[in-house]
Every structure is written in C-alpha cells, then in structure tokens.
Amino acid sequence: MIVTLTPNPSVDRAITVSELQRGEVHRVSGIRIDAGGKGVNVARAVTAQGGDALAVLPVGGPEGHLLEELLDAADVPRRSVDIAGAARMNISVLEPGGTTTKFNEPGPTLSPAECSALLDATVSAASDATWVVGCGSLPPGLPMDLYAQLVRRIHDLGGLVAIDSSGEALAAAVAAVPDLIKPNHEELEELVGRPLPTLADVHRAAVELVSSGIKYVAVSLGGDGALLVTAEETLHARAVISHPLSTVGAGDCMLAGLLHGLTHTLPTAEALCLGVSWGAAAVTLPGSRVPAPEDLRNIRVELTDEPRLESAVGHR
C-alpha cells in the first residue's frame with residue numbers, strides 16, 4: 001500500500017475556455033471539479049488503477065467537506081485530520097493545446113497541534129505501507145522541516161519514504177535522506193542552485209543527490225519525459241502526446257505509477273515506464289482527472305539506458 005501525506009490539499013476546479021484574455025469576459029465550455037493536492041492526486045491515480053492507497057490530509061470548512069465527498073465518490077480511502085481553517089480551492093484555466101494557467105490559494109494556517117496530529121496520523125497509517133509519500137507545498141503555520149520529520153519518523157519504523165515538494169521544504173527533506181525524490185526540472189534547479197539547461201546537467205545533479213544517499217532520483221521533464229537515476233543505472237523514458245488537454249496533476253500521476261511499480265517489485269525500468277505512461281495519459285484527460293486502465297491503451301513509452309545527454313531540456 002502507498003500512504004500519501006498532503007499537508008495542503010485543495011478542491012481543484014478546472015474550467016475550459018477557447019482563449020484566455022486578460023480583462024475580458026470568457027464563455028466557459030467545460031468545468032470539472034476534483035479533489036486535489038499532489039499526495040491526493042497520487043492516491044487517486046493509484047486507486048483508479050486498482051492499487052491500494054490511503055490519503056492523509058487536513059480538512060476544514062465547507063471546502064474540506066467537499067474534499068471528503070470527492071474522495072469518497074472516487075473510492076479513495078482517506079484519513080482526515082480536522083483543522084479549524086478551511087481547505088483551499090485552486091482554479092485551473094485550460095486552453096486548447098494543453099496550455100494551463102493556474103491560480104493556487106496559499107491554504108489555511110495550521111496550528112502546532114494540527115501539524116502534530118497530521119504527522120501522527122501519517123505515521124500511524126504507515127504500519128501497513130510499502131511507501132509513504134510526502135507531497136506538495138506546505139500551508140502557512142507548518143515548519144519547513146515537516147517532510148524531514150516525516151522521513152526520520154518513517155525510517156525509524158523501517159519504512160520507505162518518497163518526497164515530492166519544492167523550495168525549503170524539499171531541501172530540508174533531502175538533508176534527511178529520503179529513499180526517493182521526484183523534483184521537476186525547475187525544482188531540481190532550485191534545489192542544486194544552478195541552471196540545468198541540458199539532460200547532462202540534469203543527470204549530473206541527480207548523480208550528486210544519489211551520492212548523498214538517496215536511492216532514487218526521478219526528475220519529471222514535461223514533454224521531455226523523465227530521467228531516473230540510481231547508483232546502478234540511468235534511465236530516460238518519454239511518451240509523445242499529440243493532443244494534450246491538461247497538464248494538471250501529470251507529474252503526480254507519473255510519481256504514482258513509478259511507486260506503484262516499485263511497490264509491486266517491478267524492475268526499475270518497468271516502474272519508470274509505468275510512471276511515464278500514467279503521467280502521459282493524464283495529459284490527454286480534462287482538468288485534473290487521473291487515468292483509468294483504459295486511458296493507457298494508446299500510450300507508447302520509449303525507454304533508453306543511454307539517453308542523449310547533450311539534449312536541451314526545459315526552458316526553451
């Protein structure tokens with residue numbers, strides 16, 4: 001089972017317009033509402049593919065009740081921690097071709113007691129978990145070492161921890177040496193403190209992190225696929241999507257597939273391909289919908305253990 005901790009979950013509202021124009025009135029052609037936040041998306045994706053997942057999250061206010069209803073409707077097991085504040089609501093504006101504009105609220109302020117309850121609930125759930133995943137941004141009031149605390153407590157139990165975050169929260173977690181991290185290109189640049197314009201630069205940064213003790217460094221690169229580095233191998237996988245609809249949650253689905261594969265003891269290469277296929281399938285779906293098994297049928301993943309390291313990635 002995969003247990004996810006999402007300290008700052010959201011109700012994700014995705015609206016589709018023909019073209020986003022600042023200051024203008026828009027006619028909305030589509031609306032979708034999902035439970036969101038990185039860890040919630042991981043749990044939703046695993047569940048949608050028939051896997052076992054449990055989402056741990058703080059809930060409060062009307063938005064918190066809606067979050068629980070959305071998770072229940074998706075048959076996602078959850079462990080809710082009551083908080084005084086209201087959960088946030090994020091808005092994504094989708095345009096044809098997959099262009100996505102996001103408006104993310106900061107989230108409610110959590111008290112020290114609510115923070116402790118959230119960590120305790122996650123650690124309690126971890127007794128049945130193969131992987132525990134700390135995902136996403138931290139809401140106001142939570143210490144920047146929250147994920148580092150999670151890493152240490154789960155390791156004390158003998159468990160495996162994956163982290164998908166950014167900024168100070170990711171840096172603090174990395175110092176605690178989790179078993180897996182999944183930064184995107186920009187997050188990796190921020191973590192190592194330098195630009196990474198080529199795949200060789202990304203690879204070099206990932207190798208440095210593996211050398212520090214992290215077993216798996218999986219870097220999601222958007223349309224450039226994903227690079228997975230361990231002490232034994234370097235793998236690059238990519239799936240070409242000709243008609244993207246939305247990028248919301250694609251990286252979360254990629255992480256979900258990778259961890260699902262590792263949980264079922266697939267070889268690393270197969271687990272990476274599974275992750276890339278889930279992430280690519282998510283791009284073909286509206287809003288923050290996660291892929292079901294039938295959504296994977298036309299996804300073709302290209303895998304190599306000899307990536308073209310001279311290739312440019314990201315900011316092009």
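Angles between helix directions under 35 degrees count as roughly parallel, over 145 as roughly antiparallel, 65 to 115 as roughly perpendicular, and the rest as oblique. Keep these cut-offs at hand for the first two views of this predicted model.

**View 1. Helix 6 meets helix 7 at an oblique angle.** Let's start with helix 6, residues 185–192, and helix 7, residues 199–211. Their axes lie 11 Å apart, and the angle between them is about 60 degrees. That value falls in none of the three named ranges, so the two helices are oblique to each other. The crossing is left-handed. On the helix 6 side, look for His185, Leu188, Leu191 and Val192; on the helix 7 side, find Val202, Ala205 and Leu209. Sorted by class, this contact has 6 nonpolar residues and 1 polar residue, with no charged ones.

**View 2. Helix 4 runs roughly parallel to helix 5.** Here you can follow helix 4 (residues 146–156) and helix 5 (residues 167–175), whose axes come within 7 Å. They cross at roughly 25 degrees, and because angles under 35 degrees count as roughly parallel, that is the name this pair gets. This crossing is right-handed. Helix 4 brings Tyr147, Ala148 and Val151 to the contact, while helix 5 brings Ala169, Ala172 and Ala173. The class count is simple: 6 nonpolar residues, no polar and no charged ones.

**View 3. Leu272 sits among the best-connected residues of the largest nonpolar core.** This core has 48 residues, and those with the most contacts inside it are Trp131, Leu180, Leu259, Leu262 and Leu272. Helix 9, residues 268–283, supplies the largest share of the core, with 9 residues. Zoom in on Leu272 and, setting aside residues up to four places away in sequence, you will find it touching Ala226, Leu228, Leu235, His236, Ala237, Met254, Leu258 and Leu303. A second, separate core has 47 residues, including Ile83, Leu146, Tyr147 and Ala148.

**View 4. Asp164 is a buried residue in a strand.** Is Asp164 buried or exposed? Its relative accessible area is 1%; because buried means under 20%, Asp164 counts as buried. You can locate Asp164 in strand 9, which covers residues 160–164. Which residues is Asp164 in contact with, once neighbours within four places in sequence are left aside? They are Lys38, Gly134, Cys135, Gly136, Lys182, Glu187, Asp252 and Leu255.

Notes:
Residues are numbered from 1 along each chain as its sequence is written. This is a predicted model: local features need pLDDT of at least 70, side-chain atom pairs count only at pLDDT 80 or more; totals for chains, interfaces and linings use all residues. Side-chain values use heavy atoms; hydrogens and water are left out. A nonpolar core is a set of buried Ala, Val, Leu, Ile, Met, Phe, Trp, Tyr and Cys residues joined through side-chain atoms within 4.5 Å. Buried means under 20% relative accessible area, exposed over 50%, partly exposed in between (1.4 Å probe, protein chains only). Helices (H or I, at least four residues) and strands (E, at least two) are DSSP runs, numbered from the N terminus. Contact means heavy atoms within 4.5 Å. Axes are lines fitted to C-alpha atoms, for helices over the stretch in contact, and angles run from 0 to 180 degrees between N-to-C directions. A crossing is left-handed if the near helix is turned anticlockwise from the far one by less than a right angle, and right-handed if clockwise. Ala, Val, Leu, Ile, Met, Phe, Trp, Tyr, Cys and Pro count as nonpolar, Asp, Glu, Lys and Arg as charged, and the others, Gly among them, as polar.
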